[in-house]
Amino acid sequence: MKRSIIALAAVMLIPIMCVVGTVIAADVNDGDDLQAAIDAATSGDTITVGAGTYDPIVISGKYVTLLGAQSGVDACEREGIDESVITDSGRLLELKTGSAGTIIDGFTFSGGTKQIESTSGPIDDLQILNNRFVGFSPS
């Protein structure tokens, strides 16, 4: 009887564990301030970023997951439609101390003299996935 109760309790917990998954801390859309969402996030938060154009960003003192409009889509297969674009004439993404473990997935980095730069040395466990890099002109 005890085994049946324990087995039943374990089966009842499985759906709960499956629901927990990724918590979206913020949804950012075209015209919103992506940097403000990053600043408000805590380590481990996920921020979804809709299609649109965004200013350069800095990640410091925390690790976050940024999911662009093309998150999970192979960058080689895309043609620039419905993109989350980070653009400027200088540095587009700066990673500082504490950003180890950050994930950047599904963006287009357009322009810039330094598209992604760590200004504090090597960043462990950084994942740059499914991103396009266009219009780069080194200084």
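Is Asp-82 buried or exposed? Select Asp-82 and turn on the surface. The residue is exposed, with a relative accessible area of 52%, because the mark for exposed is over 50%. Keep in mind throughout that this is a predicted model.

**Stop 1: the loop at Asp-82**

Asp-82 sits in the loop between strand 5 (65-67) and strand 6. Now add Gln-70. The two residues are 12 apart in sequence, and their C-alpha atoms are 7.5 Å apart in space. Show the contacts of Asp-82 next. Leaving out residues up to four places away in sequence, Asp-82 touches Ala-51, Ala-69 and Gln-70.

**Stop 2: the sheet of 5 strands**

Switch to a cartoon view. Select strands 1, 2, 5, 8 and 11. These 5 strands form an open sheet in the order 1-2-5-8-11, and the pairing is parallel. Go to the edges, strand 1 (24-28) and strand 11 (127-129). Each has a single partner strand, so one side of each lacks a neighbour in the sheet. Look along the sheet. Neighbouring strands are turned by 10 degrees against each other on average, direction ignored.

Zoom in on strand 1 and strand 2 (residues 46-49). They pair in the parallel sense over 4 bridges. Pick Ile-24 as a marker. Opposite Ile-24, in strand 2, stands Thr-46.

Strands of a sheet pair through backbone hydrogen bonds, either parallel or antiparallel.

**Stop 3: the sheet of 3 strands**

Select strands 4, 7 and 10. They make an open sheet in the order 4-7-10, with parallel pairing. Strand 4 (57-59) and strand 10 (114-118) are the edge strands, each pairing on one side only. Neighbouring strands in this sheet are turned by 10 degrees against each other on average, direction ignored.

Focus on strand 4 and strand 7 (residues 91-95). They run parallel and are joined by 3 bridges. Click Ile-57. Its bridge partner in strand 7 is Leu-93.

Stay in strand 7 and select Glu-94, which lies there. Is Glu-94 buried or exposed? Glu-94 is buried, at a relative accessible area of 10%, because the cut-off for buried is under 20%. Which side chain makes a polar contact with the side chain of Glu-94? That side chain belongs to Thr-119, at 2.8 Å. Setting aside residues up to four places away in sequence, Glu-94 touches Ile-57, Val-58, Ile-59, Glu-117 and Thr-119.

**Stop 4: the nonpolar core**

How many residues does the largest nonpolar core have? It has 21. Those with the most contacts inside the core are Leu-34, Ile-47, Ile-59, Leu-66 and Ile-86. Colour the elements that give two or more residues to the core: strand 1, helix 2 (34-40), strand 2, strand 4, strand 7 and strand 9. In soluble globular proteins, nonpolar side chains tend to be buried together.

Centre on Ile-86. Beyond its neighbours within four places in sequence, its contacts include Leu-34, Tyr-54, Ile-57, Leu-92 and Phe-107. Ile-86 also stands opposite Phe-109 in strand 9. Follow that link to the next stop.

**Stop 5: strand 9 and its partners**

Select strand 9 (residues 107-111). Of its 5 residues, 4 are buried. Add strand 6 (residues 84-88). Strand 6 and strand 9 run parallel, joined by 5 bridges. Now add strand 12. Strand 9 and strand 12 also run parallel, with 3 bridges between them. Thr-108 stands opposite Arg-132 in strand 12.

Show the rings. The structure holds 2 aromatic pairs. The rings of Phe-107 and Phe-109 have centres 6.3 Å apart and planes at 40 degrees, so this pair is tilted. Phe-107 is buried, at 0% relative accessibility. Phe-109 is buried too, with a relative accessible area of 0%. The rings of Phe-109 and Phe-133 have centres 5.3 Å apart and planes at 10 degrees, so this pair is stacked. That pair links distant parts of the chain, with Phe-109 in strand 9 and Phe-133 in strand 12, 24 residues apart. Phe-133 counts as partly exposed, at 40% relative accessibility. Phe-107, Phe-109 and Phe-133 form one aromatic cluster.

**Last stop: Val-134**

Select Val-134, in strand 12 (residues 132-134). Val-134 is partly exposed, at 29% relative accessibility. Its C-alpha atom is 6.3 Å from that of Gly-111, 23 residues away along the chain. Not counting residues up to four places away in sequence, Val-134 touches Thr-108, Phe-109, Ser-110, Gly-111 and Gln-115.

Definitions and conventions. Residues are numbered from 1 along each chain as its sequence is written. This is a predicted model: local features need pLDDT of at least 70, side-chain atom pairs count only at pLDDT 80 or more; totals for chains, interfaces and linings use all residues. Side-chain values use heavy atoms; hydrogens and water are left out. Two strands pair if DSSP finds at least two bridges between them. Axes are lines fitted to C-alpha atoms, for helices over the stretch in contact, and angles run from 0 to 180 degrees between N-to-C directions. Buried means under 20% relative accessible area, exposed over 50%, partly exposed in between (1.4 Å probe, protein chains only). Contact means heavy atoms within 4.5 Å. A polar contact is a pair of N or O atoms within 3.5 Å; within protein, one must be able to donate a hydrogen and the other to accept it, and residues adjacent in sequence count only if both atoms are side-chain atoms. A nonpolar core is a set of buried Ala, Val, Leu, Ile, Met, Phe, Trp, Tyr and Cys residues joined through side-chain atoms within 4.5 Å. Rings of Phe, Tyr and Trp (its six-membered ring) pair if their centres lie within 6.5 Å; planes under 30 degrees apart count as stacked, over 60 as edge-to-face and the rest as tilted.
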